[in-house]
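Welcome! Here are some exercises to work through with the sequence and the 3D view side by side. Try each task yourself before reading its solution.

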Amino acid sequence: MLLDAAWREAAGRADDRQWAQLADQSRETRPAEALGVYLRLIERSKEPTGDRAYEHLARLLQAARDCHRALGTEDAFTGYLAGLRAELKRRRKLMSILDRHGL
């Protein structure tokens, strides 16, 4: 019940950090809602560069993969990840970080 209230309160007010925390706490019980948050944060995280930004993006992708697994939609994640890798393929450091994280 506490998470339900948190989701209601977050709408229109939460910043990215707060959304990420809410999604992390809800990943097991509300994977569809958490996935929506992660996908939104991934889109926002594609522009920044550098090791720190790439590690953050990898963590978001791992969380999205967990949600897809819980939902039984792993094929959708595989396709999404392939598209993302194709889009950002010139960023060799990012590709190596994704590889290291099993993405």
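## Exercise 1: A histidine and its surroundings

H68 counts as buried because its relative accessibility is 8%, where buried means under 20% relative accessible area, exposed over 50% and partly exposed in between (1.4 Å probe, protein chains only). This is a predicted model in which local features need pLDDT of at least 70 and side-chain atom pairs count only at pLDDT 80 or more, while totals for chains, interfaces and linings use all residues. Residues are numbered from 1 along each chain as its sequence is written, and side-chain values use heavy atoms, with hydrogens and water left out.

Task: find the helix that holds H68, then list what H68 is in contact with beyond four places in sequence.

Solution.
- Step 1: go to residues 51-71, which form helix 4, and find H68 there. Helices (H or I, at least four residues) and strands (E, at least two) are DSSP runs, numbered from the N terminus.
- Step 2: set aside the neighbours within four places; the contacts of H68 are then L35, T73, E74, A76 and F77. Contact means heavy atoms within 4.5 Å.
- Step 3: look at T73, whose side chain makes a polar contact with the side chain of H68 at 2.6 Å. A polar contact is a pair of N or O atoms within 3.5 Å; within protein, one must be able to donate a hydrogen and the other to accept it, and residues adjacent in sequence count only if both atoms are side-chain atoms.

## Exercise 2: Two residues of helix 5

Task: decide whether A76 is buried, partly exposed or exposed, and do likewise for T78.

Solution.
- Step 1: place T78 in helix 5, residues 74-87; A76 is in helix 5 too.
- Step 2: A76 has a relative accessible area of 43%, so A76 is partly exposed.
- Step 3: T78 has 52%, so T78 is exposed.
- Step 4: relate both to helix 4. The C-alpha atoms of A76 and R65 are separated by 9.4 Å, with their positions eleven residues apart along the chain. For T78 and H68, ten residues apart along the chain, the C-alpha separation is 9.5 Å.

## Exercise 3: Two helix starts

Task: describe the settings of P31 and D16.

Solution.
- Step 1: P31 belongs to helix 3 (residues 31-44), and D16 to helix 2 (residues 16-26).
- Step 2: P31 has a relative accessible area of 13%, so P31 is buried. D16, at 32%, is therefore partly exposed.
- Step 3: not counting residues up to four places away in sequence, P31 touches S26, C67, A70 and L71, whereas D16 touches L41 and R44.
- Step 4: from C-alpha to C-alpha, P31 and A10 are 16 Å apart, while D16 and G50 are 19 Å apart.

## Exercise 4: The whole chain

Task: how many helices and strands are there in the chain, and how does its radius of gyration compare with that of a compact globule?

Solution.
- Step 1: count six helices and zero strands, giving the pattern α-α-α-α-α-α along the sequence.
- Step 2: a compact globule of 103 residues would have a radius of gyration near 13 Å, so the 14 Å of this chain agrees. That radius is taken over C-alpha atoms, and the globule rule is 2.2 Å times the number of residues to the power 0.38.
- Step 3: add the outline of the C-alpha trace, which spans about 45 × 30 × 20 Å along its principal axes.
- Step 4: finish with burial; buried residues make up 38% of the 103 residues.
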